[in-house]
Each structure stands twice: as C-alpha cells, then as structure tokens.
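Could we walk through the inside of this protein together? I'd like to look at its cores and its empty spaces.

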Amino acid sequence: MDCMVLQGGRRLTGEVSISGAKNAALPILASILLGKGTSTLTNVPAVRDVLTMSKVLTHLGASVEARGDRYTITLPGVASCQAPYELVKTMRASVLALGPLLARWGEAIVALPGGCAIGARPINLHLAALEKMGAEIRIEHGNVHACVRGRLKSARINFDIPTVTGTENVMMAASLADGTTVLENAASEPEVSDLASFLIKRGARISGAGTDVITIDGVPELRGADHEIVPDRVETGTYLIAGAITGGEVRVVRCRPDHCDALLAKLQEAGVALKVEKEAIQVRAGGPLRAVDVKTLPYPGFPTDMQAQMMALMALARGSSVITETVFESRFLHVLELQRMGADIRIEGNHSVVTGVERLSGAPVMASDLRASACLILAGLAAEGETRVSRVYHLDRGYERLDAKLAGLGAQVRREAERV
Ligand code: EPZ
C-alpha cells in the first residue's frame, strides 16, 4: 500500500484540467450490458473503479479496448449473468450491472454490496423497484439473484430517498421494459443526466432526467453509440478548495461550473474569490476565510461528496461553522484525522462544529474512504510541515493522477511505499 507525503505551506498556482466523472462513467459502462453492439466512450477517467467495472464487463462477455481516455466496448452477447463477488466486494457500484442484466438478459446474479466506511449503503430501494417491474428477487449465499420471464413491465416508482444508483439502475432497466415507467423522487444529479443522454443516443426514450420525475418509454432494444463522459464536479470542487486553502491562484479548466452551483455559492460566502467562465473557474483566496454553515443534500443541494473537503477549508476559517451530513449516517471519519492535525472540531450527532484555527500542523494520518482521503490531502497542503496520508488506494479509486496534478500546481507531494 502506498502513502502520499506532502510538505505543506506552498501556495498553489497554475492550471489544472478536470477528468471525466467517475460517477458518470460507472453507470454508463454498466449500461453497455443493455444491448449488443459497439460503443465508444471518451473522457473516461483513469481511476481504479473504472478498471474494476471494465473487469466486470469483461467477465460478463464484453470486449473492452482502452486507449488513454478512449474506451471501445463491444458486447456480442453475455457469457454469464453473474457479477463475481471478488470484484463486487471492491466496488459497490457493481450493483449497477443488476438492472441492465435483468432487463436485457432476463437474469442477474450480483453479490450484495457490503457496507463501507460512510454507511450501511443498502440497496433495498433498487430491489423493491425491480420487483414492482416484475422481477423475482431472492437473496442467497450473499448474492442478489434476480430473474424475469420475458420483458420487465412498466411501473410507477416513487423512491423513499432520491437514490443516485437506484435511479440509474431502474432507469436502465425501464429503458427495455414493456410500457411507460415513471420514476418519482428520482435523483437529479448530473451523472444521472449523463447516463440518460447516452441511453437516448442508443435509442432509449427518456424524458425528465435531471429533474425528480423521469419518464421512460421502453423500447425493444438499444444499439451502440459514441459518448463523451461529463467532467467530474467533485474533482473540480477538490481543486478549487486546494487553491483556496493554500492562498494560491488556480485555474480549473475543462469543467462544468453549472454543475457546481451549491459549492460555488458556499465558497463565495466563505470569502473565496471566484471567476466563473463557461468551462473554467479561476479561484484565489480573497482575504481571510470566513466560517460558513454547510448542510449536505441531494443535488442540486451541497454535495455530500464535497463535505469532507469543505471541512478541511473551514478548519482554517475565522469563526465556527456547523457542517451537517444528511445523506450518509457516518461520513465524519475524517474528523478524527483532522483533529490529529490540530483542527478544532466537535461532532454532535450528524453535525460537526468546526472552529477555525490559525494553522494546522502536518502529521501522519490515515484515509478511510475516497473523499476523506481528499480532505486529508487538502489539509496537508495547508499544514505546517510534513503530512503522510496512508491508505491512498482509496484516492486512486476516484482521482486521476492526483499527485501529478497537484505537483503541476506547485505542491510538494510524492508517493511512497507505506512503511510497515
Ligand atoms: C452515489 O452513491 C455515489 N456513487 C456516491 O459517491 C454519492 O456519495 C452518493 O450517490 C450520494 O450522492 C456513485 O454514483 C457510484 P445513494 P449511491 O443511493 O447511489 C440510502 C463517491 O465518493 N439508500 O444516493 O450508493 C443510502 O444509504 C461516492 O464518489 C437506501 O437507504 O448513494 C444513503 O443514505 C460515495 N436504500 C442515501 O440513500 C437504497 O436502496 C443516498 O444513497 C439506496 C440508498
């Protein structure tokens, strides 16, 4: 296992280019299972979760040819309807194979994804919706076993919670169902919209993606298509905070500012100077940072995937901020590590009360999940002295070449094999 070693205190300056969104690439890759043919995807991020999903597709019968950010994928048919546990256990997003396999091939066996550091992460809403569409579902030996005779049937689905991958799974399944399916209280994240636009290019009939009501008229089959993955809004926010927390001046390019409204509003409220263009955002620290309250919500609210990174910034702001996590039940593991760096944070239920301090001090810290790792890297960039972030394999799941991109902005950062 590697660790990331940072020498803090350097102002980041320069330009950084954003990669494709991991959370758009994963459902789009899974949707390949919805039909035979060849699709070409570009702007695919070089992150470990994408490699894992590619392995799942290959195991199921697809051929995947990757050349840089360009993936050419052909599905002649499926060799198996079972996503193997040894792959699913490393990436819960493998559950996205469930809807497509079931809808197109009539059967799907996918290992039940376990919980993770940020919560139990159940998939009950996925399964209830598919059952309502006629699937027979049983859980045995740690697998979800779903099957349907003939086509899935359309249904009206109202999600208790606007689940992102639940919306994606059911939208994919409904694209081949018999009749019109309506998803209410659907997730409206940009990644859902990007999946929908890819499916529509392939012949699906979907309207309302990007809102909380999505209507899908099922079609008999889908063909291949070409698609460019939408830029990653979480990677965008991470580099904006890297510029702000180091008092630097960073230009983030090839991004979608229109997908970042809630974050940009909070950064400006905190005194961060932003210059927003069509596909770029310039950030510089506009004087002392002000503490602001943050509450995570489903899109278009403040993204839970930016909560930890915002906390790192608030740890150095003037005053106290209350950060409330409403999406996941235990997404404060980074607090304990920030406290090791001198942050003044008190957890009260699903609130963290952050009182800004003059400075953070570098320390050995441990990553627990993808976004907590990013938070600790950001804190390390601003802290005095050396910070060693261990277990950075979490980072590699969702950030493309993070160390190289940060070094390109002037950060003193290197990877090292973890000392045992
Ligand atoms: C997606 O996870 C993202 N992952 C997550 O990003 C992101 O944090 C999350 O959406 C929220 O925006 C991918 O897209 C691959 P949910 P997902 O279903 O779909 C509960 C990252 O760092 N729930 O929207 O798994 C659930 O427990 C990752 O890139 C049920 O109760 O999240 C949670 O409390 C982390 N039953 C809430 O809903 C269900 O059947 C939202 O979860 C499904 C979800």
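What follows is a short round of questions and answers on cores, cavities and a pocket.

Author: Quick ground rules: this is a predicted model, where local features need pLDDT of at least 70 and side-chain atom pairs count only at pLDDT 80 or more, while totals for chains, interfaces and linings use all residues. Residues are numbered from 1 along each chain as its sequence is written, and side-chain values use heavy atoms, with hydrogens and water left out.

Reader: Which helix gives the most to the largest nonpolar core?

Author: A nonpolar core here is a set of buried Ala, Val, Leu, Ile, Met, Phe, Trp, Tyr and Cys residues joined through side-chain atoms within 4.5 Å; buried means under 20% relative accessible area, with a 1.4 Å probe and protein chains only. The largest one has 77 residues, with L98, M133 and L152 among those with the most contacts inside it. With 6 residues, the top contributor is helix α1 (residues 22-30), helices being DSSP runs of H or I with at least four residues.

Reader: How many residues are in the second, separate core?

Author: That core includes I245, L274, M310 and A411. Its residue count is 69.

Reader: Is D49 buried or exposed?

Author: D49 sits in helix α2 (residues 48-60). Beyond its neighbours within four places in sequence, D49 has contacts (heavy atoms within 4.5 Å) with K22, L26, M91 and R397. Because its relative accessibility is 3%, D49 counts as buried.

Reader: What is the volume of the largest cavity?

Author: On a 1 Å grid over the protein atoms alone, a cavity is a set of points where a 1.4 Å probe fits but cannot get out, and lining residues have an atom within 4 Å of a point. The search turns up 2 cavities of 30 Å³ or more. Domain 1 (2-18 + 231-417) and domain 2 (22-228) each give at least three residues to the lining of the largest, which includes K22, D232 and Y399. Its volume, the space filled by probe spheres set on the points, is about 40 Å³.

Reader: Which helices each supply at least two residues of the lining of the second largest cavity?

Author: This cavity holds about 30 Å³ of space. Its lining splits into 7 nonpolar, 1 polar and no charged residues, with Y239, I377 and L402 among them. The helices are α8 (233-245), α12 (370-382) and α14 (402-408).

Key: Buried means under 20% relative accessible area, exposed over 50%, partly exposed in between (1.4 Å probe, protein chains only). On a 1 Å grid over the protein atoms alone, a cavity is a set of points where a 1.4 Å probe fits but cannot get out, and a pocket is an open set with protein on both sides within 12 Å along at least five of seven lines; lining residues have an atom within 4 Å of a point. Domain bounds come from an automatic or database domain assignment. Ala, Val, Leu, Ile, Met, Phe, Trp, Tyr, Cys and Pro count as nonpolar, Asp, Glu, Lys and Arg as charged, and the others, Gly among them, as polar.
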